[in-house]
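Please open the model in your viewer and keep the sequence panel visible. The tour below proceeds by selection, one stop after another.

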Amino acid sequence: MDTIKLTIDNRAVEVPKGTTILKAAEQMGIRIPTLCHFELDGLALENRPGGCRVCVVEVVGRRNLAPACITECMPDMVVKTNSFRALNARRTVLELMLSDHPNDCLQCPKSGKCELQTLAAEMGIREIPFQGRMSQYKKEFSPSIVRDANKCIMCRRCESVCHEYQSVGAIGAVERGFPAVVSTAFGKGLIDTNCVFCGQCVAVCPTGALAEVDNTGKILRDIANPDLKTCVQVAPAVRVALGEEFGMPAGSIVTGKIAAALKAIGFDYVFDTDWSADLTIMEEGTEVIGRLKAYLAGDKDVKIPVMTSCCPAWVNFYEKFYPELRDYPSTAKSPQGMFGATVKTYFADKIGVPRKKLVCVSVMPCVAKKYECEREELGVNGDPDVNYSITTRELARLIKICNIDFNSLPEAEFDSPLGMSTGAAVIFGATGGVMEAALRTAVEVLTGKTLPRIDFEEVRGLDGVREATIPVPGVADLKVAVVYGLKNARTIMEQIKAGNCPYHFVEVMACPGGCIDGAGQPYHHGDASIIKARHAAIYEADRRMPLRKSHENPEIQAIYKEFYGKPCSEKSHHLLHTLYFDKKIKFDLEN
Amino acid sequence: MAVKMHILVCGGTGCSASASREIISELNKEIVAHDLTDFAKVVVTGCFGFCERGPIVKIIPDNTFYTRVKPSDAKEIIEEHIIKGRKVQRLLYVAPDTNQSVSDSKHMEFYKKQVRIALRNCGFIDPENIEEAIARDGYAALGKCLTEMTPEQVIAEIKKSGLRGRGGAGFPTGLKWEIASKSRPGEQKYVVCNADEGDPGAFMDRSLLEGDPHSILEAMAICGYCIGANNGLIYIRAEYPLAIHRLQVAIKQAKEYGLLGKDILGTGFDFDIELRYGAGAFVCGEETALIHSMEGKRGEPTFKPPFPAQSGYLGKPTNVNNVETYANIPVIINKGADWFASIGTEKSKGTKVFALAGKINNVGLIEVPMGITLREIIYEIGGGIKDGKKFKAVQTGGPSGGCLTEKHLDTPIDYDSLVAAGSMMGSGGMIVMDEDDCMVAIAKFYLGFTVDESCGKCTPCRVGNRRLLEILTRITDGKGTMKDLEDLKNLSAVIKDTALCGLGQTSPNPVLSTINNFWDEYVEHVVDKKCRAGQCKALKKYTIDPAKCKGCTACARACPVSAISGTVKNPHVINQLDCIKCGTCVEKCKFGAITVQ
């Protein structure tokens, strides 16, 4: 490979051709601050507009300062990252940015996690010499996301994920000059746009311009209400990330501590979404088998590929962009939805509490789940199956608010009967997990034989699109695909539309790497190693489980015996499956 | 039978706005009425340049140049000049120095020092008739390139000519073509013409496209031949309807004549040109922003590299040149690089078109050889400052340039001297200011323009320019401090150093150059709260001289904010806190009792 020799801060360095000054400096231990620049190494997510100008450095001989994040190293370049000229310019640029930023850090949802705040602190900004007009935009609330455009610094990270990564394009830069800001088309509320509430904009926003809707207050109020019983469920990916909020290394598995903390917060019943993930496999897996058998038998009407439907942003995506293809995804509700439906029927009856008096809370790595809770079809007469969904970050806040020292908290078990799960359920948290879990059950059911190996390595990994052929002896060679990022999902939808989709079964997750990097997870600030550590932890958690196939979960077997009868029974169709709607956004330019 | 006399009437935007269309129809009516259709013919041309004296009507072959013609003059022109051969004296230009009428434009001071290369056909040909363009060597250069020269030879010729980009930055054109030609050979490439002229007061490109569209089409085809592109795109502002119309007509005619389209002149070379419309954003004159706009994206620049030659329109190698740059190409091919290089200075060859505007007697479009001095332009071509006022400064390069003063009058105009003097060539706007212009207000005006036109992508331009403008506003409002002046300098320097694109990097130039050249005026505004030009309203003070005031109450009754108090037949007083400095009282006072400081 071609290499380039240059000097940075009086030290010689040799880097491969095409390396930016930022990267070259980084490998020498020189940390040039950045704001707009964002990159998730190995997850194909990047934003390099070179717009914030915080990373400017002096390149000797050049007329202007150079943005380190996009300037490639050139032979014999002499770079000064900390010359007075560069430092002064960087400080001035930051002061300019702050001169149009509300100084309400104490109340800001990003306080302590804000990259602008951190940078201002690191640079020792004590006063802002420039005073003048400030942006005055209204806050916008949606079921999942709160936008405060006054805090937008035009880094365009959100725009990049929304357009390039998700191919959704709900938000982008509007206006020009000083009023330029990221907003929706015609300033519409997110709910009226193509937004699918994946929340990746929130995950990458360096400031408090984008944040999740906070439900912690409502939960504390309901827990304190003696008339109500509260139960809580925790999604798989939460357990490999929550520890980060308490200073633990990324990838720490804190399942037991979460159960203990939720009990300490005061929930009456502490359950596990992993339980309903196993239930999902039973329902979705049975649906896959049914549709596949019909397809292989020559049924022309059956829709193949079957697509997963656990990711709420993905559900929103096909309802908004491909409503005509909404028969392809499985009708199975998401694990959150199945849990809510079971709790508000089977469990409410069991403990003798009317459903209105039972509050169901979910802890999710996700902000789209908040929107899912509000879906009318996922409730009865206006009473939602899941009352509130909170993110991993909100749970961390709840734990802190409730004076719980998470680190020294002894581990506890989830409650029964909706608390036991298998390794197949925990891997739902990573891309490929639902596919693998479904295969562990479906292949055994199809062949009637115990799998010799249950690790389907071929569907694991962190590539955005992965495909595999799974031989199912005596049935067929099953062609499967696993994608994350809705842009990749769009490719599959287009294949289906064009009639050339080669797969039988497709798993789709909206977020990078699946739920482990859901928009409700602790902020990673572009450090891909955090996501990789969570990814490894998910599979580690799977390995540690005594049972690793959903159909072997005794609590699942019990509920079928006691309540649902069998997978895809009439009762389960009623409670565990759902409908999708045509939600295509039609912009009426006249109004 | 060939027509003996041609009546050329300017059909440019300026003269059209001054009723040249009516003049044309009146002339045609008179020709028909006098049964002269076989003898005389009206030709609608592009801009003659002497806009100050428009509408212009020129009679060929005797080269009589009529100025400020009205539709009602048509009858006299036909009856006197065409029929009787007598010049209409009252419509001739009168030289201000000699008071003599001058009938031939080449004897006018305005034209004497001009050298018309890019504008060679403007005001001579009917831009909507390809045959007139062809009669003046139109498409001859394209033919020569396609049949006698290899692309490498053409590029070598352009390089040798020393032609530099006329859009403002002055990048060597031949080199640009060479880079584009070597970039990803064999792939689809694009030739783009940047007609997104946006400087306030500039109309060079518009006039060129209106007056001689074929030379641009021809040059783009030559460029396509050189770099290996078969597609050309002209990015033009939608607010230039006449230029768009003329281009559409020209493209259609060129295709009919086989000079555009498939297999041009039977050489096997294909080249097509399409128009792309801009919505009038100044920043879209920046080539990467222009390309994004053409792609249907937000018109904002991106970091270079990659340059358009590497990855431009739709990611393909793209060569972007300005209208005026292209206009020079056919002449260079026809007359040779040596001839072109003999005009101008050592590093700036050829000519430059300027739109001369502001407080100058001869407002108009001029083309001068590089190296001419500002003094020659302002005092000879421009005819000096209006109303005998004193020259103060000239702004070149539009909002990206700077103010040049008295001491720069003998600076030769070329790319490098202008930059050295603290301004820049820019695309060719040249606005002259006199003693009545406040330089702080001028800086504020230009900055206001950049603040409006900033795309908002990078922080220094989005927020920094806004803050600069706010500081300038404080100063012109009489609220400035000496620290504000320091902040202006420091912030300007950082914006120049850190902004993403040319717009941001040059936006503080009007501030810096006025600070450098008119520091005293800034200090006066801040310390003495005084604007010597009397332009800054907030710094004006209206007072009533009690000795002169008769107590007629006219001022008090007229004051819209009731800031004047007093009783009948007693001297009145202006309450300074209420006064909005509208000046109504001064107009009403019959006794000259109200003074403005």
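Begin with strand 11 of chain B, residues 318-322, in this predicted model. The strand is mostly covered, with five of its five residues buried. Display the side chains: Thr318(B), Val320(B) and Asn322(B) point one way from the strand, whereas Asn319(B) and Asn321(B) point the other way. Residues on both of these sides are buried.

Next, add strand 7 of chain B, residues 190-195, to the selection. Strand 7 and strand 11 of chain B run parallel and are joined by five bridges. To find the register, centre the view on Tyr190(B), which stands opposite Thr318(B) of strand 11.

Now move to another part of chain B and select strands 12 to 16, which form an open sheet. Across the sheet the five strands follow the order 13-12-16-14-15, and their pairing is mixed. Strand 13 (364-369) and strand 15 (402-405) of chain B are the edge strands, each pairing on one side only. On average, neighbouring strands of this sheet are turned by 30 degrees against each other, direction ignored.

At the edge formed by strand 15, select strand 14 of chain B, residues 391-396, as well. Four bridges join strands 14 and 15 of chain B, which run antiparallel. One pair to display is Thr396(B) with its bridge partner in strand 15, Gly402(B).

Finally, show both chains and turn to the contact between them. Chain A contributes 28 residues and chain B 25 residues. On the chain A side, select helix 2 (residues 84-99), which supplies the largest share, six residues. Colouring this side of chain A by residue class gives 16 nonpolar, seven polar and five charged residues.

Notes
Residues are numbered from 1 along each chain as its sequence is written. Chains are lettered from A and ligands numbered from 1 in the order in which they are written. This is a predicted model: local features need pLDDT of at least 70, side-chain atom pairs count only at pLDDT 80 or more; totals for chains, interfaces and linings use all residues. Two residues are in contact if their C-beta atoms, placed from the backbone, lie within 7 Å. Helices (H or I, at least four residues) and strands (E, at least two) are DSSP runs, numbered from the N terminus. Ala, Val, Leu, Ile, Met, Phe, Trp, Tyr, Cys and Pro count as nonpolar, Asp, Glu, Lys and Arg as charged, and the others, Gly among them, as polar. A residue is buried if 20 or more other C-beta atoms lie within 10 Å of its own, exposed if 12 or fewer, and partly exposed in between; C-beta atoms are placed from the backbone. Two strands pair if DSSP finds at least two bridges between them. Axes are lines fitted to C-alpha atoms, for helices over the stretch in contact, and angles run from 0 to 180 degrees between N-to-C directions.
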